[in-house]
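Hi there,

Here is the structure I promised to pass on to you. Please have a look at it first, and then read my notes underneath.

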Amino acid sequence: MKKKLINHTSEHFEKILQKKPEYIFLSPGRINIIGEHVDYNDGFVMPAAINKYICFAVSKNEDSQCTLIAKDLNEAYKFDLNDELKPIDKMWANYILGVLHQLKKKGFKMSGFNIVFSSTVPMGAGLSSSAALECGIGYAMNKMFELDLSKEEIALIGQKAEHTFAGVNCGIMDQFASVFGKKNSVIKLDCTTLEYQYYKADFKKYSLLLLDSNVKHTHLTSGYNVRRQEVELGLAIIKQHFPEVRTFRNCTEKIVLDLEQELGPIVFKRCLFVVKEIQRVLDAADALTNSDFKKLGQLMSEAHKGLSKEYEVSCDEIDFLVDSVQHEKTVLGARMMGGGFGGCSINLVEKGTEDELIERVSQQYRTAFGIELKPYKIKISKGTTLYKN
Ligand code: GLA
């Protein structure tokens, strides 16, 4: 599948631009085992890059002209790199322009370029196709123009592009996972210090299965940004009463429970979720180290309850998918994944039983919502790379 993606991307480049691309880059989507909505709350997360990629075929120009071609959308955008870059009405282009804007702001010198990209990362499925796009561009610019950026800088530039040109006030998890992904490893990332550790993604008798609800509710961006405001407010209230608490990292469940009245019902629920989710990631890392998959599955299912009832970022379709596998003996745990309001559930499933499960859940889902479920059996793969030049 990877080979096919690379071939058709570079063939399209040749067809449109009448020459071979100088470079081919691959940038992956990501999953997250556990640790949702805590990357912007000084928590830990456990993402991994997967074998779904955006492929970029690129060549440099002598002048400052740039052409971006989104093969899958059959759209193109041309601009002069020397002009002031601003968000436009093509969202896909904004992820790229946002990265270029950041690089220009930092004073990096680049020439124009032509780029054709095509993707096997489904869009709007919570697999971070936008981070794959941002990081792929950052990585490509770094290599082609020898900018000497570290991987961490590439991830941070991608995050900034998302804030400024896409309007999502996201954390660092998606970009970090896309750039730092490693084959058969999950990353435990400390979102305060950006220190990280790889854990062997060996689930023994079990595998990770994604069930894509095929829905994306439009309030994702607004819902996400509102959650950030709510927890910021919560933390400010907590600090007034407990000045020793600097971030959610050193806040406890007891402190949040003590402040229930002051926080008010909504902010209370949000803060409670955050402190519990941070602890769940630490417990999940231990469970993975000890190959205690039953525990890992339990933590995933608890995380879902929190995301659905306390943080309220799930939706009916995803709750349905998670509920319908809850009592399966072959499923150790399930939860919504990513920003929420649609996208995928991630399931820890006994190997060999996936197809049966997919068939049953697909049928139930079709009956309940009239929507086709999209299952993804994924492999954990390496991060953004230069495939060839
Ligand atoms: C989106 C954001 C991430 C993270 C997740 C939720 O994917 O881009 O930074 O906050 O949601 O965990």
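Below is what I found, starting with the whole chain and ending with one helix.

Please keep in mind that this is a predicted model. The chain is built from 12 helices and 13 strands. Its radius of gyration is 21 Å, close to the 21 Å from the globule rule for 389 residues, so the chain is as compact as a globular protein of that length. Along the principal axes, a box of roughly 65 × 50 × 40 Å holds the C-alpha atoms.

As for the interior, 59% of the 389 residues count as buried. If you take the contacts between residues at least 6 apart in sequence, 72% of them link residues at least 24 apart.

On the outside, the chain exposes about 16800 Å², with carbon and sulfur atoms supplying 48% of that area. There are 51 positive and 50 negative charges, and the mean positions of these two sets lie 5 Å apart.

The helix I looked at is H4, which covers residues 151-166. From the first C-alpha to the last, H4 spans 22 Å, close to the 22 Å expected for its 16 residues at 1.5 Å a residue. Several H4 residues are buried, among them Ile154, Ile157, Gln159, Glu162 and Phe165. What do the buried residues of H4 pack against? Their partners are helix H2 (91-105), helix H3 (129-144) and helix H5 (173-180). Just after H4 comes Gly167, with a positive phi of about 75°.

Happy to chat once you have had a look.

Best wishes

How values were computed. Residues numbered from 1 in each chain as written. Predicted model: local features only at pLDDT ≥ 70, side-chain atom pairs only at ≥ 80, totals over all residues. Heavy atoms only, no water. Helix = DSSP H or I, 4+ residues; strand = E, 2+ residues; numbered from the N terminus. Rg over C-alpha atoms; globule rule 2.2 N^0.38 Å. Buried < 20%, exposed > 50% of the residue type's maximum accessible area, 1.4 Å probe, protein only. Contact = heavy atoms within 4.5 Å. Areas by Shrake-Rupley, 256 points an atom, 1.4 Å probe, with all protein chains shown as cover. Lys, Arg positive; Asp, Glu negative; His and termini not counted. Charge placed at Lys NZ, Arg CZ, Asp CG, Glu CD. Expected span 1.5 Å × (residues − 1).
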